[in-house]
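Biologist: I have not met this structure before. Could you walk me through it?

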Amino acid sequence: MESATRPFTVRRSTRARHVRLTVTREGDAVVVLPLRAPERAAAALVEQHGAWLDRQVARIRATRVRLDARPTLADGRVLHVAGVPRLIAARDTAMRDRIERSLRAEARRLLVARVSLFAPLVGVRPTRVTVRAQRARWGSASRAGAISLNWRLVLAPPDVLDYVVIHELSHLAVPGHSRRFWTLVRRHAPSADASRRWLRDHHAELMAALD
Ligand SMILES: [Zn+2]
């Protein structure tokens, strides 16, 4: 059998308590080591999870190929806005920025309306709703009762957008991802599992929608 040497980088962390293997969005393997862990623990972990790592890298490469195959924004690209296909074309960055601002405004109106609809059903009252351009997450909820949502959710199917709204609203009632939390989420978002899969599979595409 051939032993594959997989390249990886090591990052030392003062906060890490265990050795951990992650893959960046670019498809590079990174091993996070607690300060005192021996260097060889990194290679051992990469070796041990080689098959998993290969699958992740293959998935990321496939996504890159898919994204590279899209028409450019200058040529015009079809995006689904609130579930409706729309041809988006931008000759230059100024035009692209105008499009983003207008999509963000649309997202804000839609997200605020969905929060108003679902908050009483979930039984919570958010103190503030912020719409942002987070790169890595779809939403978050604070202890103070504020929720923040990613504007790019307007590019997801409506039931996926609703799922994220319900997820964050549910955190105002139940912090953490306990069984009780998921029961509450699924009561209002019956397709929560399909929505989570959809978001995982389309994460890169949505984040790069206007790239
Ligand atoms: Zn959560």
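What follows is a set of short questions and answers on the model.

Biologist: What kind of model is this, and how are its residues numbered?
Modeller: This is a predicted model, where local features need pLDDT of at least 70, side-chain atom pairs count only at pLDDT 80 or more, and totals for chains, interfaces and linings use all residues. Side-chain values use heavy atoms, with hydrogens and water left out, and residues are numbered from 1 along each chain as its sequence is written.

Biologist: How many helices and strands does the chain have?
Modeller: Helices (H or I, at least four residues) and strands (E, at least two) are DSSP runs, numbered from the N terminus. Along the sequence they follow the pattern β-β-β-α-α-β-β-α-β-β-β-α-α-α. The C-alpha atoms fill a box of roughly 55 × 45 × 30 Å along the principal axes. The secondary structure comes to 6 helices and 8 strands.

Biologist: Which strands stand at the edges of the sheet with the order 1-3-2?
Modeller: Two strands pair if DSSP finds at least two bridges between them. This open sheet has 3 strands and mixed pairing. Each edge strand has a single partner strand, so one side of each is left without a neighbour in the sheet; the edges are strand 1 (8-13) and strand 2.

Biologist: How many bridges join strand 1 to strand 3?
Modeller: F8 stands opposite A29 in strand 3. Strand 1 and strand 3 run parallel, and the number of bridges joining them is 6.

Biologist: In the hairpin of strand 2 and strand 3, which residue takes a positive phi?
Modeller: Strand 2 (residues 20-23) and strand 3 (residues 29-34) pair in the antiparallel sense over 4 bridges. L21 stands opposite V31 in strand 3. The hairpin has 5 residues between the strands, and the residue with a positive phi near 90 degrees is G27.

Biologist: Which helix lies across strand 1, strand 2 and strand 3?
Modeller: Contact means heavy atoms within 4.5 Å. Axes are lines fitted to C-alpha atoms, for helices over the stretch in contact, and angles run from 0 to 180 degrees between N-to-C directions. Helix 2 lies across strand 2 and strand 3, at about 20 degrees to strand 2. The helix across strand 1, strand 2 and strand 3, running at about 135 degrees to strand 3, is helix 1 (residues 40-48).

Biologist: What is the order of the open sheet that holds strand 6, strand 7 and strand 8?
Modeller: Strand 6 is joined to strand 8 (residues 146-150) by 5 bridges, and the two run parallel. R132 stands opposite N150 in strand 8. The 3 strands have mixed pairing, and their order is 6-8-7.

Biologist: Which helix packs on the sheet by touching strand 7 and strand 8?
Modeller: Helix 3 (residues 93-122) touches strand 6 and strand 8, with its direction at about 150 degrees to that of strand 6. The helix touching strand 7 and strand 8 makes about 160 degrees with the direction of strand 8; this is helix 4 (residues 158-173).

Biologist: Which residues are the protein donors of the zinc ion?
Modeller: Donors are N, O and S atoms within 2.8 Å of the metal (3.2 Å for Na, K and Ca); water is not among the atoms, so sites may look incomplete. The spacing in sequence is H-x3-H-x5-H. H167 and H171 are 4 residues apart in helix 4, so about one helical turn separates them. Lying 2.0 Å from the zinc ion, the donors are H167 (NE2), H171 (NE2) and H177 (NE2).

Biologist: Why do helix 4 and helix 5 count as oblique to each other?
Modeller: Angles under 35 degrees count as roughly parallel, over 145 as roughly antiparallel, 65 to 115 as roughly perpendicular and the rest as oblique. The axes of helix 4 and helix 5 (residues 179-188) come within 9 Å. Helix 4 and helix 5 are therefore oblique, as their axes cross at roughly 140 degrees.

Biologist: How many charged residues are in the contact of helix 2 with helix 6?
Modeller: The axes of helix 2 (residues 50-68) and helix 6 (residues 192-207) come within 10 Å and cross at roughly 45 degrees. T63, R66 and L67 of helix 2 meet D201, A204 and E205 of helix 6. Ala, Val, Leu, Ile, Met, Phe, Trp, Tyr, Cys and Pro count as nonpolar, Asp, Glu, Lys and Arg as charged, and the others, Gly among them, as polar. The contact has 2 nonpolar and 1 polar residues, and the charged ones number 3.
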